[in-house]
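Subject: Handing over the structure

Hi,

Here is the structure I promised to pass on to you. Have a look at it first, and then read on for what turned up.

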Amino acid sequence: MGREPLELLEELLRVTLEMHGEVLAGSLDHLPEYLTARQHLIDALGPLLQELGDADRSQALALLQEIVKKDEEVRHRVEELLKRELASLKEGQKTVQAMRAFRESLGDSASSRFIEGEG
């Protein structure tokens with residue numbers, strides 16, 4: 001027999017908390033795995049939530065509220081990390097462009113000096 005809805009919700013919360021901890025620590029390394037695991041749990045939960053009684057619905061709602069809260073925190077942190085990474089990439093691009101321009105300016109003068117010295 002399959003797992004119970006509350007058991008699946010607790011597993012979803014556990015995965016969410018693991019993802020939350022890693023993302024808040026600044027790591028996105030395992031984010032795809034967490035998202036895949038969460039999607040499988042959500043897919044399994046869909047039809048089962050209809051079967052919950054009133055008492056279990058209240059507990060399920062509390063778990064879902066906690067999950068949504070953590071998801072919002074993760075989303076904000078991922079946005080911060082991606083903005084930082086984009087800024088870093090832009091800075092790196094500027095550095096590469098400056099180095100390229102410098103090398104090209106050296107290349108022009110170096111080759112003309114070489115020609116003058118050889119000529």
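Let's start with one residue: is Arg38 buried or exposed? Arg38 is buried, with a relative accessible area of 9%. Before I get to its surroundings, please keep in mind that this is a predicted model.

**The overall picture**

The chain has three helices and zero strands, so reading along the sequence you get α-α-α. Of the 119 residues, 22% are buried. The chain exposes about 8600 Å², and carbon and sulfur atoms account for 58% of that. If you take the contacts between residues at least 6 apart in sequence, 78% of them join residues at least 24 apart.

**Helix 1**

Helix 1 covers residues 5-24. Its 20 residues reach 28 Å from the first C-alpha to the last, close to the 28 Å expected at 1.5 Å a residue. Quite a list of its residues is buried, including Pro5, Leu8, Leu13, Val15 and His20. Just after the helix, Gly26 has a positive phi of about 95 degrees.

Thr16 sits in helix 1 too, and it counts as buried because its relative accessibility is 0%, below the 20% cut-off. Which residues does Thr16 touch, leaving aside its neighbours within four places in sequence? They are Arg38, Ile67, Lys70 and Asp71. With the same neighbours left out, Met19 is in contact with Leu31, Tyr34, Leu35, Arg38, Asp71 and Val74. Arg38 and Asp71 turn up in the list for Thr16 and again in the list for Met19, and we'll meet them once more below.

**Helix 2**

Helix 2 runs over residues 31-48. At 1.5 Å a residue, its 18 residues should span 26 Å, and the end C-alpha atoms are indeed 26 Å apart. The buried residues here are Leu31, Tyr34, Arg38, Leu41, Leu45 and Leu48. Why do they lie on the same side of helix 2? Because they cover an arc of only 100 degrees around the axis. On the face turned away from that buried side you'll find the exposed residues His40 and Pro47.

**The nonpolar core**

As a general point, nonpolar side chains in soluble globular proteins tend to be buried together. In this model, the largest nonpolar core has 20 residues, and those with the most contacts inside it are Leu6, Leu9, Leu12, Met19 and Val23. Each of helix 1, helix 2 and helix 3 supplies at least two residues of this core. Helix 1 gives the most, with eight residues.

**Salt bridges**

Side chains of opposite charge can pair when their charged atoms come close. How many salt bridges does a search of the whole structure find? It finds eight. Three of them are worth walking through.

- Arg38 and Asp71: the closest N and O atoms are 2.8 Å apart. This pair links distant parts of the chain, since Arg38 is in helix 2 and Asp71 is in helix 3 (residues 54-118), 33 residues apart. Arg38 is buried, as you saw at the start, whereas Asp71 is partly exposed, with a relative accessible area of 23%.
- Arg14 and Glu18: these side chains meet at 2.2 Å, N to O. The two residues are four apart in helix 1, which means that about one helical turn separates them. Arg14 is partly exposed at 37% relative accessibility, and Glu18 is partly exposed at 35%. Glu11 also comes in here: Glu11, Arg14 and Glu18 are linked in a network of salt bridges.
- Glu73 and Lys70: the closest N and O atoms are 3.9 Å apart. Both residues lie in helix 3, three residues apart, about one turn of the helix. Glu73 is partly exposed at 29% relative accessibility, while Lys70 is buried, with a relative accessible area of 14%.

If you want a place to begin looking, try Arg38: it is a buried residue of helix 2, it is in contact with Met19 and with Thr16, and it forms a salt bridge with Asp71.

Over to you, and have fun with it!

Key. Residues are numbered from 1 along each chain as its sequence is written. This is a predicted model: local features need pLDDT of at least 70, side-chain atom pairs count only at pLDDT 80 or more; totals for chains, interfaces and linings use all residues. Side-chain values use heavy atoms; hydrogens and water are left out. Buried means under 20% relative accessible area, exposed over 50%, partly exposed in between (1.4 Å probe, protein chains only). Contact means heavy atoms within 4.5 Å. Accessible areas come from the Shrake-Rupley method with a 1.4 Å probe; for residues, only the protein chains shown count as cover. A salt bridge is a side-chain nitrogen of Lys or Arg within 4 Å of a carboxyl oxygen of Asp or Glu. A nonpolar core is a set of buried Ala, Val, Leu, Ile, Met, Phe, Trp, Tyr and Cys residues joined through side-chain atoms within 4.5 Å. The expected span of a helix is 1.5 Å times one less than its number of residues. The arc is that of the directions from the helix axis to the C-beta atoms.
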